[in-house]
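Biologist: I am new to this structure. Could you walk me through the words used to describe it?

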Amino acid sequence: MLLSELLSLSPGHLALFLGLTALPILPNCFAIWHSFHRQFPTPLEKMLWFLLAIFVPVLGGIVYLVWGRKRGFKES
């Protein structure tokens, strides 16, 4: 039922719906990718940021962007 309703939307409305649906997911995707590719002071801290982004969907990604991103440094 939901699929048939989505397919009946105009292209503009469908793009708007998909964009608004993906918007909360983007900070988490970035937080997971960024924490995976950065080095942190301890391995435990790296794992905690990674798990926060995975298990606390929207809030975890936003918290990582505000505080966690600054704590990681590029691996050499």
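Modeller: Happy to; we will take the helix packing first and then look at exposure. Please keep in mind that this is a predicted model.

Biologist: Let's start with α3 and α5. What makes α3 oblique to α5?

Modeller: Helix α3 (residues 25–37) and helix α5 (residues 57–71) pack at an angle of about 50°, and their axes are 8 Å apart. Angles under 35 degrees count as roughly parallel and 65 to 115 as roughly perpendicular. The angle of about 50° fits neither range, so α3 is oblique to α5. Their crossing is left-handed.

Biologist: Which residues of α3 and α5 meet there?

Modeller: From α3 come P27, N28, F30, A31, H34 and S35, and they meet P57, V58, G60, G61, I62, Y64, L65 and R69 of α5. Sorted by class, this contact of α3 with α5 has eight nonpolar, five polar and one charged residues.

Biologist: And why are α3 and α4 called roughly antiparallel?

Modeller: α3 and helix α4 (residues 43–55) pack at about 160°, with 9 Å between their axes. The cut-off for roughly antiparallel is over 145 degrees, so α3 and α4 earn that description. α3 passes α4 in a left-handed crossing. In α3, the residues N28, A31, I32, S35 and F36 meet K46, W49, F50, A53 and I54 in α4. This contact of α3 with α4 divides into seven nonpolar, two polar and one charged residues.

Biologist: How do you know that α4 and α5 are roughly antiparallel to each other?

Modeller: By the angle again: α4 and α5 pack at about 150°, with their axes 7 Å apart. Being over 145 degrees is what counts, and therefore α4 and α5 are roughly antiparallel. The contact involves E45, W49, L52, A53 and F55 of α4, along with P57, G60, G61, V63, Y64, W67, G68 and R71 of α5. By class, the contact of α4 with α5 has eight nonpolar, three polar and two charged residues.

Biologist: Now for exposure. Why is L26 called exposed?

Modeller: L26, which lies in helix α3, has a relative accessible area of 52%. Exposed means over 50%, so L26 qualifies. Its C-alpha atom is separated by 9.7 Å from that of I62, 36 residues apart along the chain.

Biologist: Lastly, how do you know that α2 lies largely in the open?

Modeller: Buried means under 20% relative accessible area. Of the 12 residues of α2, the number buried is zero, so α2 lies largely in the open. Helix α2 (residues 11–22) reaches 16 Å from its first C-alpha to its last, close to the 16 Å expected.

Terms used: Residues are numbered from 1 along each chain as its sequence is written. This is a predicted model: local features need pLDDT of at least 70, side-chain atom pairs count only at pLDDT 80 or more; totals for chains, interfaces and linings use all residues. Side-chain values use heavy atoms; hydrogens and water are left out. Axes are lines fitted to C-alpha atoms, for helices over the stretch in contact, and angles run from 0 to 180 degrees between N-to-C directions. Helices (H or I, at least four residues) and strands (E, at least two) are DSSP runs, numbered from the N terminus. A crossing is left-handed if the near helix is turned anticlockwise from the far one by less than a right angle, and right-handed if clockwise. Contact means heavy atoms within 4.5 Å. Ala, Val, Leu, Ile, Met, Phe, Trp, Tyr, Cys and Pro count as nonpolar, Asp, Glu, Lys and Arg as charged, and the others, Gly among them, as polar. The expected span of a helix is 1.5 Å times one less than its number of residues. Buried means under 20% relative accessible area, exposed over 50%, partly exposed in between (1.4 Å probe, protein chains only).
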